[in-house]
Amino acid sequence: MFFTSDNAGPAHPSVMQALMDANTGYASGYGSDDGMTRVRAMIQEIFEAPEAAVHLVATGTAANALTLATLSNPWDTIFCSPMAHIHEDECNAPEFYTGGTKLTLVPATDAKMTPDALRASILGEETRGVHGPQRGPVSITQATEKGTVYSVAELQALTAVAHEFDLKTHLDGARFTNALVSLDCSPAEMTWKAGIDAVSFGGTKNGLLGVEACIFFDPAASWEFELRRKRGAHLFSKHRYLSAQMEAYLTDDLWLTLAAKANAACARLIAGLKTAKDVEIQYQSQSNLVFFDAPRGLHQRMLAAGAHYYVTSGDPDSGPADEVLTGRLVCDWSCDHAAIDQFITLLTQ
């Protein structure tokens, strides 16, 4: 019963095999390997963007920070929700890699920014001339850190506001494919056709060992990104091992299959949570993670019985048994339905 994170699950066997296949002979380094040529073409085809620049890094933090650094100036501010990963979980990496760009937090409902809130936040900056931060890119987390998903129309509305002010837009897609499967749309519809300028296209949470693609729909940004990636120590010399993972991920729609499995497992989990007494679901999850409120005593019983998940508010080991705490459950592609059923049985007994 492991629901701590989709980072905790295994890599898919096809990915492991691809690494073994790549581990023969010699290959050019630093992204000039044949595998990267194929990956670039595959991503350009999948996103219907033949001119897009595509680069690989090993972590989501690197993807977000380096992409945002390419889209912004050190004197800018980046607009994002208070729940954005770049704000909550990246140890100021965006600020570091941008050379000082700050974050402006846009009020959010269900972890999603609204056009009105974004417009108000943008209008609140660049008001003090040289003394204050200038308006910079808008970063949208899709799926959100709370499991909710922006519809295509919601994305279009946000990017329209950003473009009113001539601001670039970035999509933090650590769980890109989980959101895509949920919306049942095309990658193009969820990105450049909706007004997105750059994407951190995640794979690590969806069956890879550690690969994220940084996609710029305007290839003019490519060279600056390459310089920033090298300067930031994120250019792999043995790059073929990144390429091999991503190529396996995209082959025969494996990326879509794995996300669909994770989403289906979470839907099964949510259905069970709804039958449990004293349990309340916090957000209307549309992807592969869900937050639920339950008394401390119930969390203690579940954890003692072998369930693994994070309690995100309060100490589960100390305090009144009836105090309500929040738990987070995350399903990855390998999540076993039998384990989900076991979890729900324990929860409802």
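This report describes a predicted model, taking in turn one helix, one loop residue, two cysteines and the salt bridges.

## Helix α13

Helix α13 covers residues 337-348. Its twelve residues should span 16 Å at 1.5 Å a residue, and the end C-alpha atoms are 16 Å apart, which agrees. At the start of the helix, a side-chain oxygen of Asp336 comes to within 3.1 Å of the backbone nitrogen of Ala338.

The buried residues of α13 are Ala339, Ile340, Phe343, Ile344, Leu346 and Leu347. They cover an arc of only 160 degrees around the axis, so they sit on the same side of α13. An α-helix has 3.6 residues a turn, so residues three or four places apart point the same way. The buried residues of α13 pack against three elements: α11 (254-273), α12 (296-304) and β13 (324-330).

A salt bridge also joins α13 to α11. Its partners are Arg268 and Asp341, with the closest N and O atoms 3.0 Å apart. Arg268 belongs to helix α11 and Asp341 to helix α13, so the pair ties together parts that are 73 residues apart in sequence. Arg268 is partly exposed at 34% relative accessibility, and Asp341 is likewise partly exposed at 34%.

## Gln142 in its loop

Gln142 is found in the loop between β6 (134-141) and α7 (152-164). With a relative accessible area of 0%, Gln142 is buried, because the cut-off is under 20%. Its side chain reaches the backbone oxygen of Tyr150 at 2.8 Å.

Leaving aside residues up to four places away in sequence, Gln142 touches Val149, Tyr150, Leu155, Leu171, Asp172, Gly173, Arg175, Phe176, Ala179, Leu183 and Met190. One of these contacts, Arg175, is also part of a salt-bridge network with Asp6, Glu145 and Lys205.

## Cysteines 331 and 335

A disulfide is a covalent bond between the sulfur atoms of two cysteines. With a cut-off of 2.5 Å between the sulfur atoms, the count of disulfides is zero. Cys331 is in no disulfide, and the nearest cysteine sulfur to it, that of Cys335, is 3.9 Å away. Cys335 is in no disulfide either, its nearest cysteine sulfur being that of Cys331 at 3.9 Å.

Both residues are buried: Cys331 has a relative accessibility of 0%, and Cys335 has a relative accessible area of 14%.

## Salt bridges

The structure holds twelve salt bridges. Among them is the pair Lys193 and Glu48, whose side chains meet at 3.4 Å, N to O. Lys193 lies in the loop between α8 (176-183) and β8 (198-202), and Glu48 in the loop between α2 (34-46) and β1 (53-57), so this pair ties together parts that are 145 residues apart in sequence. Lys193 is partly exposed, with a relative accessible area of 43%, and Glu48 is partly exposed at 39%.

Another salt bridge lies within a single helix: Asp116 and Arg119 are both in α6 (residues 115-123), three residues apart, about one turn of the helix. Their side chains meet at 3.8 Å, N to O. Asp116 is exposed at 61% relative accessibility, whereas Arg119 is partly exposed at 27%.

Notes: Residues numbered from 1 in each chain as written. Predicted model: local features only at pLDDT ≥ 70, side-chain atom pairs only at ≥ 80, totals over all residues. Heavy atoms only, no water. Helix = DSSP H or I, 4+ residues; strand = E, 2+ residues; numbered from the N terminus. Expected span 1.5 Å × (residues − 1). Buried < 20%, exposed > 50% of the residue type's maximum accessible area, 1.4 Å probe, protein only. Arc of directions from axis to C-beta. Contact = heavy atoms within 4.5 Å. Polar contact = N/O pair within 3.5 Å; in protein donor to acceptor, adjacent residues only side chain to side chain. Salt bridge = Lys/Arg side-chain N within 4 Å of Asp/Glu carboxyl O.
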